[in-house]
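Please take a moment to look over the chains before reading on. The paragraphs below are meant for someone meeting this structure for the first time.

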Amino acid sequence: MLGKKSLLDYLAKTLDVAVGEVREDGVVSLDNTSCTGMCDQGPAGLVNGLALTRLDQSGIDKIAELINQQKPLGEWPEELFQVDDNIYKSGLLLNQQVEQGAALRSAFKRGIRETLKEIDYSGLRGRGGAGFKTAIKWQFCSEEQQTERYVVCNADEGEPGTFKDRVLLSSYADQVFEGMTVCAAIIGAKQGFLYLRGEYLHLYDKLRSILDQRRQNSLLGINILGAGLDFDIEICLGAGAYICGEESALIESLEGKAGIPRNRPPYPVTQGYLGKPTVVNNVETFLAAAGIAVNGSDWFASIGTEKSKGTKILSISGDCARPGIYEYPFGTTIQSILNDCGADDVLGVQVGGPSGTFISNQEFDRKLAFEDLATGGSFIIFNSSRNILDMVHNFAHFFAHESCGFCTPCRVGTSLLQKQIDKIVEGHGSAGDVVALEELCQLVKNYSHCGLGQTAANPILTTLERYPDLYQSRLKEISFEPGFDLDGALETARRMANRNDAGAHLAQTESEHE
Amino acid sequence: MSKTITIDGKVIPFEDGQTIMDAAMAAGVYIPHLCHQPEFTPHGSCKLCTVKVNGRNCSACTYPAMDGQEVLNETQELIDDRKRITQMLFVEGNHLCPGCEKTGNCQLQAVAYHLNMLDNHFPAFYPEREVDASHPEVMIDHNRCIFLHAVHSRQPRKRRQGRVCDQWARHPQAFDRKCRKRLVERYRHGSDGSRGAHLSDRRNFD
């Protein structure tokens with residue numbers, strides 16, 4: 001959205017390498033990536049896995065020069081890799097800096113069972129988007145017969161437009177680890193994992209040193225704080241697959257296998273990592289749990305709506321003056337969020353990323369809440385210069401690319417959706433094509449194996465509902481179905497015959513002749 | 001009194017540990033399926049066996065039967081959608097029944113007939129897939145692959161085991177007969193000792 005296309009072309013030209021190719025000397029290759037979680041400081045890139053932010057022409061000149069000199073990354077200027085937090089609005093969670101160990105001390109003092117009760121009374125629900133009640137999940141896991149149990153923190157923040165976990169792990173990691181340790185005490189786990197998305201490689205060393213520090217301070221390891229709890233945390237890096245944010249695919253990936261969602265039941269709380277009871281929660285959930293362990297349930301439950309307690313941390317990006325991190329009590333209207341981040345002339349907002357909901361500018365009185373607009377944190381703003389079909393087109397390609405290929409409706413269906421959207425956007429659609437599109441959306445949604453497929457059609461369905469005319473306007477007024485681009489198909493023949501005169505072109509329809 | 005579920009109103013007994021598919025098969029009720037094969041751990045990937053369980057779509061081959069479940073199998077909606085899913089499998093690969101030597105003895109084709117599939121409905125992908133005949137005894141025709149075997153099973157209630165690959169390692173002969181997709185075609189050396197890939201030659205081991 002920030003001129004990526006022209007920058008990419010410029011980079012390809014400067015480096016003298018085509019997009020998707022390796023340069024002849026084998027020094028450099030260039031390709032596109034999906035969202036890397038830097039939407040507040042884009043356009044962004046990755047070089048040898050490390051994030052490059054705020055790219056512009058002069059930055060690209062510099063990078064190209066460094067690459068051509070074959071300078072090791074360690075010698076590149078640091079400002080190229082600088083990642084800012086961009087916290088613009090703090091609330092309950094971001095305002096409070098829990099002292100290292102405070103949540104654990106409170107939990108041990110209060111008693112482990114009582115702490116679980118506090119988390120229950122707080123009404124905390126999972127922050128990844130689905131909103132399952134955290135205390136119930138932890139309780140289920142603690143009641144399992146198998147005593148070998150695991151805690152997993154899902155930091156595979158892959159939903160396009162989400163970057164709040166990056167900031168939480170950069171500046172609030174101690175609290176996140178503390179929340180995991182409280183969870184371990186409650187469910188009786190000895191081992192925890194932080195599943196960190198590969199694109200956040202720049203955080204890896206920092207997080208490891210925090211873990212080391214916690215070990216030295218008796219907050220991890222054997223007999224934590226003398227309370228008899230043995231627990232440690234390991235960081236595992238993802239490899240860039242969107243699907244690994246799905247908890248059972250994440251567990252597969254942790255086990256060293258390809259990220260493919262499991263059949264359920266059994267659920268991870270009964271059979272998760274290595275078939276053992278496992279709690280998987282979002283980064284923000286553990287952060288909130290640590291806060292609740294310190295401050296008690298009322299601190300959290302007094303804010304928010306009846307069904308959605310507490311606050312939600314949003315990653316705001318797109319067409320606004322101040323993209324970054326904003327924390328709001330549940331129940332806040334979309335309009336007031338837009339006012340805060342300086343968004344004018346808004347066409348609509350994609351709430352919850354591609355798998356969420358697109359709302360139009362007629363719905364800005366709707367509220368942030370599990371019962372209205374649920375979100376894992378992604379909030380992408382589009383102003384009226386944007387074309388909705390371009391966005392839908394982009395998301396359709398994203399899902400076709402990210403489908404893991406396990407089940408038929410998603411593997412084939414997302415590719416078919418991509419083809420059908422391409423056809424309509426490129427102007428080859430005819431009368432029945434929007435109806436066919438909708439039918440296909442329902443198939444993919446109703447029959448897919450996991451959340452990816454079940455939500456892959458959302459960008460199309462939510463925009464079809466709001467802007468049906470936009471889709472219809474792209475259709476040709478013909479009753480037959482042009483299965484392919486007639487003139488485009490002649491291109492090879494024209495090239496071979498070395499001619500390009502009017503007679504070498506054919507119109508798709510009679511009317512185009514006139 | 002044993003536990004029961006109903007499928008389209010018909011009462012069907014089951015034992016603990018059985019899936020809806022297990023119970024249906026034991027009772028002689030057909031739920032269309034491709035990736036399910038009783039000898040293998042359930043997979044749940046083709047989604048053809050989707051049934052409505054208490055109003056929710058579930059894969060019959062992986063979903064445990066539970067007392068009192070109301071299962072819908074042969075509703076018009078499910079039949080129509082299963083047909084679409086089968087059509088997806090057809091357009092995704094290169095499945096040209098009239099010219100295929102498996103015609104008449106093919107589960108994919110049989111399911112398509114059962115669901116009254118008369119056309120592809122969706123635009124064909126026409127993927128370029130290679131026939132791998134590099135091995136002296138086994139060849140793989142990827143054109144007919146419908147991706148049921150590619151992934152290892154993950155039902156933790158049974159011992160973790162691969163599907164086709166493990167079966168192959170343990171009982172290569174049985175595997176010959178049981179490769180459900182007929183992707184792996186085995187042939188005997190010609191009488192003159194010649195070696196070559198015979199895509200159509202399955203006589204030697206059927």
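What follows goes from the domains of one chain to a pair of its helices, then to a sheet in the other chain, and ends with the contact between the chains.

The structure shown here is a predicted model, and chain A is a good place to begin. Chain A is divided into domain 1, which covers residues 4-81, domain 2 with residues 87-301, domain 3 with residues 311-386, and domain 4 with residues 389-473. Taken over C-alpha atoms, the centres of domain 2 of chain A and domain 4 of chain A are separated by 34 Å. The contact between these two domains draws seven residues from domain 2 of chain A and eight residues from domain 4 of chain A. On the side of domain 2 of chain A that touches domain 4 of chain A, five residues are nonpolar, one is polar and one is charged.

Two helices of chain A deserve a slower look. Helix α1 of chain A, formed by residues 4-15, packs with helix α2 of chain A, formed by residues 57-68, at an angle of about 30 degrees, and their axes lie 10 Å apart. Angles under 35 degrees count as roughly parallel, and α1(A) and α2(A) are therefore roughly parallel to each other. Their crossing, that of α1(A) and α2(A), is right-handed. Where the two helices meet, α1(A) brings A:Leu7, A:Tyr10, A:Leu11, A:Thr14 and A:Leu15, while α2(A) brings A:Gln57, A:Ile60, A:Asp61, A:Ala64 and A:Ile67. Sorted by class, the contact of α1(A) with α2(A) has seven nonpolar residues, two polar residues and one charged residue.

Chain B offers a sheet to follow. Its five strands form an open sheet with mixed pairing, in the order β2-β1-β5-β3-β4. In chain B, β2 (10-14) and β4 (56-59) stand at the edges with a single partner strand each, so one side of each is left without a neighbour in the sheet. On average, and with direction ignored, neighbouring strands of this sheet are turned by 40 degrees against each other. Further inside the order given, strand β1 of chain B, residues 3-7, runs parallel to strand β5 of chain B, residues 70-72, and two bridges join them. The bridge partner of B:Ile7 in β5(B) is B:Val71.

It remains to bring the chains together. Their contact takes 21 residues from chain B and 22 residues from chain A. Helix α2 of chain B, residues 76-92, gives the most to the side of chain B that touches chain A, with six residues. By class, this side of chain B has 10 nonpolar, six polar and five charged residues.

Methods. Residues are numbered from 1 along each chain as its sequence is written. Chains are lettered from A and ligands numbered from 1 in the order in which they are written. This is a predicted model: local features need pLDDT of at least 70, side-chain atom pairs count only at pLDDT 80 or more; totals for chains, interfaces and linings use all residues. Axes are lines fitted to C-alpha atoms, for helices over the stretch in contact, and angles run from 0 to 180 degrees between N-to-C directions. Helices (H or I, at least four residues) and strands (E, at least two) are DSSP runs, numbered from the N terminus. Angles under 35 degrees count as roughly parallel, over 145 as roughly antiparallel, 65 to 115 as roughly perpendicular and the rest as oblique. A crossing is left-handed if the near helix is turned anticlockwise from the far one by less than a right angle, and right-handed if clockwise. Ala, Val, Leu, Ile, Met, Phe, Trp, Tyr, Cys and Pro count as nonpolar, Asp, Glu, Lys and Arg as charged, and the others, Gly among them, as polar. Two strands pair if DSSP finds at least two bridges between them. Domain bounds come from an automatic or database domain assignment.
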